[in-house]
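Please open the model in your viewer and keep the sequence beside it, since this tour moves from one selection to the next.

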Amino acid sequence: PAVNEVLTKLHLPVPAICLPWFLCLFIGHLPLECTIRLLDWFFFEGRTVLFKVALAIFQIKSKILQHCEESHEVIECLRDLSDFDTQELLRIASTQFQFLNHDFIEEHSNNCMVAVMRRKKEERESFARKQREVASRFDLVAEQSEGVRLKVTISTTTAASSTEHSQATGSGAPSESA
C-alpha cells in the first residue's frame, strides 16, 4: 500500500513500470542466476510468476521507494535490480504472494479489461461529441454575390478544398507553375 501511494502520488502507473520486466521475462533486469531460476519457475507455473516476482521487487525496494520525491527517482530505483539476492527474492515471491494463482490473475485481468474497455468507449463517445460540436460551429452557410449558396466545411486536404472552392466560385483550376 505504501508503494502504491507513492506511485499514485507521482502519477506512475504500475503497468508502465512492470511492462519492460514482463515483456522480456526479467531477462537483463535481474542477475543471471536469478533470471535462470525465475525462467524455470515461469515455465512450470506460468504468468503468475511474473506478478509474484514484480510484487516481491516492490516489497524489497519499498523502503527506498517511500522516500522518492520525483518520478525519475522511482524509475532509477527500479531500473537497478542487479543487487538482488536470488534466494530472498524468490522466497518472498513464492511465500508472501502465494495467494496469486491463475484464477486470481484471470479475474483481475478481466476486471481491468472491462474497465479499460469502458474507459475507451467513454473516450470515443466524448471525442465524437466534441467532433459534432466543432462541426456544428464550422458548418456555416454563406451566400455569394450571385445568389448561390456555398456550404463551407472543414476539409482534410488543402488541395481538395482549394479545388472545390475554385470550382464553386467559378474561378477555374488553380494555376500551375512550370
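Begin with a cartoon of the whole protein, which has nine helices and two strands; here helices (H or I, at least four residues) and strands (E, at least two) are DSSP runs, numbered from the N terminus. Following the chain along its sequence, you will meet the pattern α-α-α-α-α-α-α-α-β-β-α. This is a predicted model, in which local features need pLDDT of at least 70 and side-chain atom pairs count only at pLDDT 80 or more, while totals for chains, interfaces and linings use all residues. Residues are numbered from 1 along each chain as its sequence is written, and side-chain values use heavy atoms, with hydrogens and water left out.

Next, select helix α3 (residues 32-45) together with α4, and look at how they pack, at an angle of about 140° with their axes 8 Å apart. The axes are lines fitted to C-alpha atoms, for helices over the stretch in contact, and the angles run from 0 to 180 degrees between N-to-C directions. That angle makes α3 oblique to α4, because angles under 35 degrees count as roughly parallel, over 145 as roughly antiparallel, 65 to 115 as roughly perpendicular and the rest as oblique. Show the side chains where the helices are in contact (heavy atoms within 4.5 Å): Leu38, Trp41, Phe42 and Glu45 in α3 meet Thr48, Val49, Leu50, Lys52 and Val53 in α4.

Now turn to the aromatic rings, of which the structure holds six pairs. Rings of Phe, Tyr and Trp (its six-membered ring) pair if their centres lie within 6.5 Å, and planes under 30 degrees apart count as stacked, over 60 as edge-to-face and the rest as tilted. Select Trp21 and Phe58, whose ring centres are 5.8 Å apart with planes at 50°, so the pair is tilted. This pair links distant parts of the chain, for Trp21 lies in helix α2 (residues 14-23) and Phe58 in helix α4 (residues 48-60), 37 residues apart.

Are these two residues buried or exposed? Trp21, at 2% relative accessibility, counts as buried, and so does Phe58 at 8%, where buried means under 20% relative accessible area, exposed over 50% and partly exposed in between (1.4 Å probe, protein chains only). Add Phe22, Phe26 and Phe51 to the selection, and you have one aromatic cluster with Trp21 and Phe58.

Finally, select Phe97 and Phe99, a tilted pair with ring centres 6.3 Å apart and planes at 55°. Phe97 counts as buried at 11% relative accessibility, whereas Phe99, at 46%, counts as partly exposed.
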